[in-house]
Every structure is written in C-alpha cells, then in structure tokens.
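Me: I am new to this structure and would like a close look at a single part of it. Please take one helix, explain carefully how it sits among its surroundings, and then relate it to the rest of the chain.

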Amino acid sequence: MTCNIRKKFFAELLGTFFLVFFGTGSAVVTLLITEAAGATGIGPLGGLGDWIAIALAFGLTVMICIYVFGKISGAHLNPAVTIGLLVTKNIALIDSIYYIVAQVIGACLGSLCLFLCLGAPAVTIGGLGATAPGLGVSYMQAMFAEFLGTFFLMMVIMGVAVDKKAEPGFAGISIGMTVAAVIVVLGAFTGASINPARTFGPYLMDMLLGGANLWSYFPIYLVGPIVGAICAAFAYAYLAKDSGVCELPQPFNDE
C-alpha cells in the first residue's frame, strides 16, 4: 500500500465511521426516546418529523465529510458509489478494493462506538440503527426502493462532483441534501440505507453483541444500491458524452 493510498484508506475509514456513528446514532436515539415514552418504532411520536431529523443527521454528516475528506479520497463513504465510479473508470480497481474495505471497517467501528457510548439499549432497543423493510413492504419493493434512492444519489454525485464541468464548491451540500431527501421519503419503507456499508456495520455488531439477526435482508441493501449506482453512473456518462454546451434561447425582443 503506497503512502497515498494509505491516506485515502484512512480518510474513507474515518468518513464512513462518522457517517454511521452520527447517522445511525440519530436513529438509535430516536428509538430510545420513543421507547421511554411508551411507544415503539420511528414516527409514532414525531411522525415525519422524526425521519426529517434523522435525514438531516445523515445529510449534514455526509456534507461535512465531503468538505473534510473530499480533497483526500473523494469521500465516497459508500461501496455502491465506489463501484459506480469503478465501472465508469473514475477509480482504479486496486484503489476501489482499498476504499470498500475501509468503508466496511469504518461502518463496523461506528456501530461498535455507538454501543460503547449508549450501552446495551443501543442494541436491544435501537438495533444500532439497522435497516429493514417497513411493515407491508415486500422484499422486492424494498430492493427497488433502494435501487431508486441510490440511482438518484449517484446521478447527483456524477453531476456535481465527477463531471469536470460541475460548479466547484457545491458538491458537499448537494450530495448531503440528496441523502437527506432520500431518507425522508424512503426511511419508513426500507430505512433508506442506499449504502451497503451503512447496513453491514449495524448488522455485524448486532449479531456480535446479542441483537437481532437481520442478515436475510442484506441482499436488499447490497444488490439494490450497487445496481442503482452502476445504472446511474452509466446513464450520466451517456448523457454527458459529447453533450457540449447548450445554447440558451435568445430573449424576446418587443421592438
């Protein structure tokens, strides 16, 4: 591992750690508050407001991590994003492997630190923020929702961060708010992971720390996001190829 890839590896690990610790931490805290009030789940007390708060925690963390780590590693923080960039030749294969390993380790450490900070209730009540389909949502519906959410996220990433014609300085806020928007809509359906590492970390730590075993749902959060990211990356590459600069229509002249 070269010095440069070591720094990228550490940046991806730290960024994904913060994403899982603060993002899933907001879901865990919400569940703990709800349980203390005698209810269960996310939404019974605050309704959509609960999901908006969780979405903002994720979105703001993503935004900040992009501004902090983007100049070092690009701040993928998501194996699906890394794979989408790999298939469109925006990252080398060996680098992508290091990135994905770093993201998975960071996610696991984020979940472990949540347990160390909040104790056993973070696992038994909060489930460490693990994602699962909502009531009445089928396996394929959940996978399709994760596909769509990640497709949207990847299109934004390609447009505001990868495209050389993108306006500089807006990637962080654009991508962060995209993550927030997706979670507000899809949160009640699937938990809105749109990130295999974000789901893997809580699943593994739940299993090791005596929580629920949700591994049967993992293909939803692996296949859906990865296929969504790949499709979006190719779709944007097609749209941007030889697009040139569009000419704006001339304004009307009343004379």
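Reply: The buried residues of helix 3 are covered by parts of the chain that include helix 4, helix 6, helix 8 (196–208) and helix 9 (218–240). This is a predicted model, and what follows should be read as a description of that prediction. The residues of helix 3 that are buried are Pro 79, Ala 80, Val 81, Thr 82, Ile 83, Gly 84 and Leu 85. Because seven of its nine residues are buried, helix 3 is largely enclosed by the rest of the structure.

Among the elements that cover helix 3, helix 4 can be described in some detail. Helix 3 spans residues 79–87 and helix 4 spans residues 93–118, and the two pack with their axes 9 Å apart at an angle of about 175 degrees. Since angles over 145 degrees count as roughly antiparallel, helix 3 and helix 4 are therefore roughly antiparallel to each other. On the side of helix 3, the residues that meet helix 4 are Pro 79, Thr 82, Ile 83 and Leu 86, while helix 4 contributes Leu 93, Ser 96, Tyr 99, Ile 100 and Gln 103. Sorted by class, this contact has six nonpolar residues, three polar ones and no charged ones.

One residue of this contact deserves its own look, namely Ile 100, which lies in helix 4. Leaving aside residues up to four places away in sequence, Ile 100 touches Pro 79, Thr 82 and Ile 83. Ile 100 has a relative accessibility of 25% and so counts as partly exposed, whereas Pro 79, Thr 82 and Ile 83 in helix 3 are buried. The C-alpha atom of Ile 100 is also separated by 8.9 Å from that of Phe 9, although these two residues are 91 apart along the chain.

Helix 6, which is also among the elements covering the buried residues of helix 3, has a partner of its own. Helix 6 (residues 139–162) packs with helix 7 (residues 171–190) at an angle of about 170 degrees, their axes being 10 Å apart, and that makes helix 6 roughly antiparallel to helix 7. The residues of helix 6 that take part include Ala 142, Gly 149, Phe 152 and Leu 153, and those of helix 7 include Ser 174, Ile 175, Val 179 and Leu 186. By class, this contact has 13 nonpolar, four polar and one charged residues.

The loops beside these helices hold two residues with a backbone feature to note. Most residues other than glycine have a negative phi. Leu 128, in the loop between helix 5 (121–124) and helix 6, has a positive phi of about 55 degrees although it is not a glycine, and at 0% relative accessibility Leu 128 counts as buried. Ile 194, in the loop between helix 7 and helix 8, likewise is not a glycine and has a positive phi of about 45 degrees; with a relative accessible area of 2%, Ile 194 is buried.

For the wider setting, the protein chain has nine helices and zero strands. Its radius of gyration is 19 Å, close to the 18 Å that the globule rule gives for 255 residues, so the chain is as compact as a globular protein of that length. Of those 255 residues, 48% count as buried. Among contacts between residues at least 6 apart in sequence, 78% join residues at least 24 apart.

Technical notes:
Residues are numbered from 1 along each chain as its sequence is written. This is a predicted model: local features need pLDDT of at least 70, side-chain atom pairs count only at pLDDT 80 or more; totals for chains, interfaces and linings use all residues. Side-chain values use heavy atoms; hydrogens and water are left out. Axes are lines fitted to C-alpha atoms, for helices over the stretch in contact, and angles run from 0 to 180 degrees between N-to-C directions. Helices (H or I, at least four residues) and strands (E, at least two) are DSSP runs, numbered from the N terminus. Angles under 35 degrees count as roughly parallel, over 145 as roughly antiparallel, 65 to 115 as roughly perpendicular and the rest as oblique. Contact means heavy atoms within 4.5 Å. Ala, Val, Leu, Ile, Met, Phe, Trp, Tyr, Cys and Pro count as nonpolar, Asp, Glu, Lys and Arg as charged, and the others, Gly among them, as polar. The radius of gyration is taken over C-alpha atoms; the globule rule is 2.2 Å times the number of residues to the power 0.38. Buried means under 20% relative accessible area, exposed over 50%, partly exposed in between (1.4 Å probe, protein chains only).
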